[in-house]
Amino acid sequence: MIYPKILVISNNCFSKSDSNGRTLGNFFRNWDKNKLAQFFINKSIPNYEVCEKYFCITDAQALKAVFGKRPNGTVENFKEYTTISSNPIPIKKHKRNALTMMIRNFVWNTNAWKRSGFDKWVEDFAPEAILLQAGDSAFMFRLARKIASKYGIPLFIYNSEGYYFKNFDYFKSKGIYHLLYPLFYRNFRREFKRTQKTASYTFYICDELKNAYDKEFGGKSIVLYTATFLKPFDTAPHNNGFVTSYLGNLGVGRHEGLIEIANTLQKISPDYFLDIYGKIPNDTVKIAFDNCVGIKYHGLIPYGEVIRVMENSDLLVHTESFSEFYKEDLKFAFSTKIADCLACGRCFLLYSPDNIASFKYLNLNKLAYTVSSKKELEKTLRSIINNSENKQKYISNALKAVDEKHNLKKNSKIFSDIIVETVGFQN
């Protein structure tokens with residue numbers, strides 16, 4: 001296959017440690033590295049096995065460029081660092097609200113950051129297609145659209161978010177920041193619409209998201225679920241007792257559901273705990289975990305260690321918040337770790353509202369235990385611990401779904417075929 005040269009524009013780089021970076025990199029599993037380049041804005045450790053041409057400008061660099069400081073867009077070679085650690089580079093995050101996002105958008109749209117040599121870097125690469133990973137930054141949509149137009153090349157979008165439909169302040173701001181949200185939202189939707197209408201093809205993470213956007217825009221699109229390379233573990237968990245584990249993001253209200261799971265396990269038996277792995281986002285979550293007897297918090301661990309923990313777990317759990325805000329905010333949520341949980345051959349439980357996209361997918365296809373109430377949670381956990389006969393049925397269904405919808409080889413081929421065919425047709 002003759003691969004076209006693709007410029008990928010995204011928040012995060014191809015990565016071994018970041019879930020979004022792994023998901024994006026899996027699409028290009030068999031791509032020619034010389035035909036791939038990536039521009040990203042969140043400083044992290046690039047995966048050089050996927051791509052070797054990187055260009056990074058951070059928000060801080062873009063802001064300093066407005067005041068005359070020329071940014072350096074070349075990416076440091078982290079190859080030596082990656083032999084020591086696979087953890088992400090710590091990033092100082094600033095408060096997100098409508099005002100800061102609009103200021104950020106203005107700063108990037110001044111193009112002062114382009115004194116870094118970005119245009120020359122793109123010109124030297126001579127892309128034949130653009131892939132944009134959609135987020136909530138209007139300037140990224142504008143940038144991708146402008147480059148595609150300048151070079152007369154097709155634009156592809158990978159979308160795993162429902163930001164376009166969030167007509168409520170998902171930053172949860174107050175005062176003037178909250179009052180400015182409609183202005184931010186209107187500007188974002190305008191750039192989104194302009195870019196979406198020029199896209200040759202859009203890839204979505206789940207059916208719920210595809211259906212919503214197709215109804216709004218139409219166009220060519222397909223669902224490509226997050227793929228995984230994991231296979232069922234050969235042996236049973238090597239531990240004494242029943243081990244329940246959560247691995248992943250601890251933000252967006254998930255700590256509340258995790259505490260309920262831990263408390264329910266303790267109610268069943270004081271010997272049952274919930275092992276949690278991930279980065280605590282704030283003091284509120286830390287205090288809540290410290291005050292929960294049923295939680296054993298282990299901190300953030302590298303992806304390789306994540307796999308080892310999964311192998312030694314009897315039950316893997318995931319949860320989403322039951323608050324009215326998050327039920328709306330996360331209705332299109334589809335965690336990238338679900339594919340790994342389905343593929344590894346371990347029992348998997350999702351505790352979340354039943355309107356969430358991942359709940360609908362797992363429940364409809366009978367791929368995991370799906371629980372949407374506290375009363376049901378205790379009954380289900382007792383059943384799992386007592387070796388419910390349904391356990392193997394769910395695992396079997398999950399493995400079939402992985403082969404059909406989360407298969408790394410199949411999904412990357414579907415992705416590659418669409419890109420190659422579209423670029424060839426438009427050329």
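In this tour a helix axis is a line fitted to C-alpha atoms over the stretch in contact, and the angle between two axes runs from 0 to 180 degrees between N-to-C directions. The model is a predicted one, in which local features need pLDDT of at least 70 and side-chain atom pairs count only at pLDDT 80 or more, while totals for chains, interfaces and linings use all residues. Residues are numbered from 1 along each chain as its sequence is written, and side-chain values use heavy atoms, with hydrogens and water left out.

**Stop 1: α5 and α6**

Select residues 118-125, which form helix α5, together with residues 138-151, which form helix α6; helices (H or I, at least four residues) and strands (E, at least two) are DSSP runs numbered from the N terminus. The axes of α5 and α6 come within 12 Å and cross at roughly 50°. The two helices are therefore oblique to each other, given that angles under 35 degrees count as roughly parallel, over 145 as roughly antiparallel, 65 to 115 as roughly perpendicular and the rest as oblique. The crossing of α5 past α6 is right-handed, a term used when the near helix is turned clockwise from the far one by less than a right angle, whereas an anticlockwise turn is left-handed.

Now show the side chains of Phe118, Asp119, Val122 and Glu123 in α5, which meet Leu143, Ile147 and Tyr151 in α6; contact here means heavy atoms within 4.5 Å. Sorted by class, this contact has five nonpolar, no polar and two charged residues, where Ala, Val, Leu, Ile, Met, Phe, Trp, Tyr, Cys and Pro count as nonpolar, Asp, Glu, Lys and Arg as charged, and the others, Gly among them, as polar.

**Stop 2: from α6 to α8**

Keep α6 selected and add residues 181-196, helix α8, which packs against α6 at an angle of about 25° with the axes 9 Å apart. The pair is therefore roughly parallel, and α6 passes α8 in a left-handed crossing. From α6, the contact uses Ala138, Phe141, Arg142 and Arg145, and from α8 it uses Asn187, Phe188, Glu191, Phe192, Arg194 and Thr195. These residues divide into four nonpolar, two polar and four charged.

**Stop 3: α4 against α8**

With α8 still in view, select residues 98-109, which are α4. Helices α4 and α8 pack at an angle of about 40°, their axes lying 8 Å apart, and that makes α4 oblique to α8. Here too the crossing is left-handed, with α4 passing α8. Ala98, Met101, Met102 and Asn105 of α4 make the contact with Tyr181, Leu183, Phe184 and Asn187 of α8, and by class there are six nonpolar, two polar and no charged residues.

Follow the chain out of α4 to Asn111, in the loop between α4 and α5. The phi of Asn111 is near 65°, a positive value in a residue other than glycine. Asn111 is partly exposed, with a relative accessible area of 32%; buried means under 20%, exposed over 50%, and partly exposed in between, for a 1.4 Å probe and protein chains only.

**Stop 4: the largest nonpolar core**

A nonpolar core is a set of buried Ala, Val, Leu, Ile, Met, Phe, Trp, Tyr and Cys residues joined through side-chain atoms within 4.5 Å. Select Ile9, Phe28 and Phe39, which touch the most other members among the 112 residues of the largest core. Helix α6 supplies the largest share of this core, eight residues. Leaving aside residues up to four places away in sequence, the neighbours that Ile9 touches include Phe39, Met140, Leu143 and Ile147.

**Stop 5: Leu24 and Asn12**

Next select Leu24, in helix α1, which is buried with a relative accessible area of 0%. The C-alpha atoms of Leu24 and Phe14, 10 residues apart along the chain, are separated by 6.4 Å. Asn12, in the loop between β1 (6-10) and α1 (19-27), counts as buried at 16% relative accessibility. Beyond residues up to four places away in sequence, Asn12 touches Asp18, Asn20, Leu24, Gln38, Phe40 and Asn42.

**Stop 6: α15 and the loop after it**

Finally, go to α15 (357-364), where Ala357, Ser358, Phe359, Tyr361 and Leu362 are buried. Their cover includes α9 (207-217), α14 (338-343), β12 (347-351), β13 and α17 (390-405). Just after α15, select Lys366, which takes a positive phi of about 55° and is partly exposed, with a relative accessible area of 40%.
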